[in-house]
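Some notes on the cysteines and on one helix pair follow. Please read them next to the coordinates.

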Amino acid sequence: MDKFRMIFQFFQSNQESFMNGICGIMALASTQMYSAFDFNCPCLPHYNLAYGLGILLVPPFILFLLGFVLNNNISMLAEEWRRPRGQRGKDPSVLRYMFCSMAQRAMIAPAVWLSVTLLDGKCITCAFCTWVPVEALGNASHPHLSPGEIQRLLARIPCKEIYNGQQLIANEVAVRYLRCISQALGWCFVLLMTTLAFLVRSLRPCFSQAAFLKSRYWSHYIDIERKLFDETCAEHARSFAKVCIQQFFEGMSTDLVAARCHLPRKAPADTGEAAEKLLGITDQGTMNMALKSWHRCKPPLHLHPPALPTGNGWAGEGQPPMQPSAPRREAVAHYSWV
């Protein structure tokens, strides 16, 4: 249990570790789904190709979309892409980094499905059984068989229990031929994906490491900023609800006192603390305006010290901060009346 707890804590350490764990679970789930899937080829000339290629390509596409859906950054990417420019510009490199990062993680489960399916060979055998070269592997000069009948016989190759074309081509020969081709394609696919991953990991720091670090940093910043904003809004909503409920019960107690129902009344100790967390936003319209302002014109990424009040108002941003004056000493004289 301690090992599982450590693994779970590692997955929760940051957003990337969490998404890597989700992608790993999806990759294992894809292999389990394929092993539990009951593959039944229709063994018909016009349906084998559609069924085989459908099982080969449709589940990876679904897993790819599911990888995007399970990624928490997809909504953040869409929000950052569609929001108005406002006071903060949008960096295309950051958006591109976020999309590429999500796409790379979402492609893990589809790649595992394609690799397992091609190495198993059932889909290729079902899809391309009618393309077996009978001239090279069987008896193409078998009499009393039209081209349509030959296609129907070849379409039954994946279904060993109903195959009756041993005089044309042996079932074991055709299946082994197609499975060898499928496994060759599978190992080539695995080698291609491994080579691409190696090149991306090894060559990217050699060309654009500074730009990569910049995009990664601001991508993490957007994620953290969104989480902090959600936490702040949740804390404000909790304080707002607490003050509303307390005011409601205070009003009810006042009505009961007016109705000559004397009840013990004790002022809550945390009313002032909850009111301080409201930050001056005490009505629904002001809160809605604040939320719209955050979406339309986010503050610029430029930190500056808070402005100090002057005689005519608040000091501007460009003025230097005023140094606090030294405390004035006061002399106290004691007079004694004798």
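1. Cysteines outside the bonded pairs come at the start of this note. The model is predicted. Cys100 is partly exposed, with a relative accessibility of 35%. Cys188 stands at 51%, so it counts as exposed, the cut-off being over 50%.

2. How many disulfides does a search of the whole structure find? It finds two. A disulfide is a covalent bond between the sulfur atoms of two cysteines. Counting bonded cysteines along the chain, the pattern is 1-3, 2-4.

3. One disulfide joins Cys41 to Cys126, with 2.0 Å between the sulfur atoms. The angle about its S-S bond is 75 degrees, and the link is right-handed. It ties together distant parts of the chain, 85 residues apart. Cys41 sits in the loop between helix H2 (15–36) and helix H3 (48–70), while Cys126 belongs to helix H7 (residues 122–127).

4. Are the two ends of that link buried or exposed? Cys41 has 14% relative accessibility and therefore counts as buried, the limit being under 20%. Cys126 is at 0%, so it is buried as well.

5. The other disulfide pairs Cys43 with Cys159. Its sulfur atoms lie 1.6 Å apart in the model. The link is right-handed, with 85 degrees about the S-S bond. Here too distant parts of the chain are linked, 116 residues apart. Cys43 is in the loop between H2 and H3. Cys159 is in the loop between helix H9 (147–155) and helix H10 (171–258).

6. What are the relative accessible areas of this second pair? Cys43 has 4% and is buried. Cys159 has 8% and is buried.

7. Now the helix pair. The axes of H3 and helix H5 (residues 92–106) come within 8 Å and cross at roughly 130 degrees. Why is H3 called oblique to H5? Angles over 145 degrees count as roughly antiparallel and 65 to 115 as roughly perpendicular; the crossing falls in neither range, so H3 is oblique to H5. The crossing is right-handed.

8. Which residues make this contact? H3 contributes Leu63, Phe64, Gly67 and Phe68. H5 contributes Phe99, Met102, Ala103 and Ala106. Seven of the contact residues are nonpolar, one is polar and none is charged. The polar one is Gly67, because Gly counts as polar here.

Technical notes
Residues are numbered from 1 along each chain as its sequence is written. This is a predicted model: local features need pLDDT of at least 70, side-chain atom pairs count only at pLDDT 80 or more; totals for chains, interfaces and linings use all residues. Side-chain values use heavy atoms; hydrogens and water are left out. A disulfide is a pair of cysteine sulfur atoms within 2.5 Å. Helices (H or I, at least four residues) and strands (E, at least two) are DSSP runs, numbered from the N terminus. Buried means under 20% relative accessible area, exposed over 50%, partly exposed in between (1.4 Å probe, protein chains only). Axes are lines fitted to C-alpha atoms, for helices over the stretch in contact, and angles run from 0 to 180 degrees between N-to-C directions. Angles under 35 degrees count as roughly parallel, over 145 as roughly antiparallel, 65 to 115 as roughly perpendicular and the rest as oblique. A crossing is left-handed if the near helix is turned anticlockwise from the far one by less than a right angle, and right-handed if clockwise. Contact means heavy atoms within 4.5 Å.
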